[in-house]
Amino acid sequence: MFVLVPLVILWVYSFGGRDLLGRVTFGFSFDNYLRFVNGPYLSALVRSITLSTLTTASTLLVGYVFALWLALFSKPALRNILLLLVVLPLWTSSLLRIYAWITILRPTGILAHLCSAWGWQMPPLLYTPFAVWLGMVYNYLPYMILPLYTAIEKVDIKLIEASLDLGASPLRTLFKVLLPLTSGGIIAGSLMVFIPSLGDYVTPDLLGGGKYMYMGNLIQNQFLTVRDWAFGSAVSTVLIIIVSGAVWVYMKYADTSEIA
């Protein structure tokens with residue numbers, strides 16, 4: 001009830017309008033959806049999907065290498081410490097972590113001082129797409145590492161040794177043995193990163209300096225600044241449909257991997 005009722009309210013609002021005082025007027029019109037499709041807002045959707053895809057791919061690459069080493073090659077005592085360090089940032093506010101990156105990346109920050117000490121001139125990094133991508137990867141990397149570590153830890157090391165003993169190269173063993181056996185963790189981690197990063201608005205707003213419009217920023221502006229709740233509900237509904245499609249893909253291929 002607490003999940004479906006807000007979604008129904010959002011869906012009803014998306015077909016309404018707004019009066020002169022900013023209040024929602026109920027009706028049944030697709031004007032808000034047509035406004036989103038025909039207006040300049042599609043660029044925000046493309047930008048958000050691109051950022052979420054890059055964030056997911058980056059965290060998957062870094063997280064898989066780290067989780068593979070952590071699960072199969074690290075010592076048990078060190079493994080527990082490293083797992084604690086992975087989870088430790090989640091105990092603090094994400095807002096504090098973003099401000100920490102602002103301190104690092106700003107022209108008078110720590111990184112700029114280190115570059116000056118080495119005789120280098122740091123290019124502008126803060127309020128750029130690179131800063132937004134870096135902040136997103138940092139924030140969501142633990143959500144990728146944990147399911148990957150759980151999946152890799154369950155793999156029988158004898159299967160990898162058998163593949164290598166039978167003449168398969170390490171790269172072929174990775175793609176033919178290890179990746180299929182850990183596909184469930186890959187899909188779960190990818191969704192845990194892609195879905196929340198698609199609607200994130202704090203990280204792009206602070207590290208991007210408000211220069212780039214993403215779906216999360218668009219929805220926030222419509223509800224809190226413009227006070228056009230009907231159009232904001234339509235944009236939110238579009239985002240929910242995209243996320244639901246991603247979840248459907250996960251459920252379909254997760255069942256396939258489990259059967260295999």
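A contact here means that heavy atoms lie within 4.5 Å of each other. Keep that in mind for the views below, which come from a predicted model.

**View 1. The whole chain at a glance.**
Among contacts in the protein between residues at least 6 apart in sequence, 68% join residues at least 24 apart. The protein is built with 13 helices and 2 strands. Its C-alpha trace spans about 75 × 55 × 30 Å along the principal axes. Of the 260 residues in the protein, 40% are buried.

**View 2. The largest nonpolar core.**
How many residues does the largest nonpolar core have? It has 34, and Leu105 and Leu207 are those with the most contacts inside it. Seen by element, those that give two or more residues to this core are helix H3 (42-72), helix H4 (76-87), helix H5 (94-105), helix H6 (110-117), helix H7 (129-153), helix H10 (183-198) and helix H11 (202-207). The largest share comes from H7, with 9 residues.

**View 3. Leu105 and its neighbours.**
Now let us zoom in on one residue of that core. Leaving aside residues up to four places away in sequence, Leu105 touches Leu111, Met122, Leu125, Leu126, Ala131 and Leu134. A second core, separate from the one that holds Leu105, has 18 residues. Phe15, Tyr41, Phe231 and Val238 are included in this second core.

**View 4. Helices H7 and H10 side by side.**
The axes of these two helices, H7 and H10, come within 8 Å and cross at roughly 160°. An angle over 145 degrees counts as roughly antiparallel, and H7 and H10 are therefore roughly antiparallel to each other. The crossing in which H7 passes H10 is right-handed. On the H7 side, the contact is made by Met136, Tyr140, Tyr143, Met144, Pro147, Leu148 and Ala151. On the H10 side, look for Gly185, Ile186, Ala188, Gly189, Ser190, Met192, Val193, Pro196 and Ser197. Sorted by class, the contact of H7 with H10 has 12 nonpolar residues, 4 polar ones and no charged ones.

**View 5. Where H5 meets H6.**
How do the directions of H5 and H6 compare, parallel or antiparallel? Their axes come within 4 Å and cross at roughly 25°. Angles under 35 degrees count as roughly parallel, so H5 and H6 are roughly parallel to each other. Thr103, Ile104 and Leu105 of H5 make the contact with Ile110, Leu111 and Ala112 of H6. By class, 5 residues of this contact are nonpolar, 1 is polar and none is charged. Leu105 and Leu111, met in View 3 as a touching pair, both belong to this contact.

**View 6. Tyr127 in its loop.**
Find Tyr127 in the loop between H6 and H7. Its phi is near 65°, a positive value in a residue other than glycine. Is Tyr127 buried or partly exposed? With a relative accessible area of 35%, Tyr127 is partly exposed, because the range from 20% to 50% carries that label.

**View 7. Arg227 in another loop.**
Our last stop is the loop between helix H12 (215-225) and helix H13 (229-259), where Arg227 is placed. Phi of Arg227 is near 60°, again a positive value in a residue other than glycine. The relative accessible area of Arg227 is 43%, so this residue is partly exposed.

Key: Residues numbered from 1 in each chain as written. Predicted model: local features only at pLDDT ≥ 70, side-chain atom pairs only at ≥ 80, totals over all residues. Heavy atoms only, no water. Core = buried A, V, L, I, M, F, W, Y, C linked by side-chain atoms within 4.5 Å. Buried < 20%, exposed > 50% of the residue type's maximum accessible area, 1.4 Å probe, protein only. Axes fitted to C-alpha atoms, helices over the stretch in contact; angles between N-to-C directions. Parallel < 35°, antiparallel > 145°, perpendicular 65-115°, else oblique. Left-handed = near helix turned anticlockwise from the far one by under 90°. Nonpolar A, V, L, I, M, F, W, Y, C, P; charged D, E, K, R; others polar.
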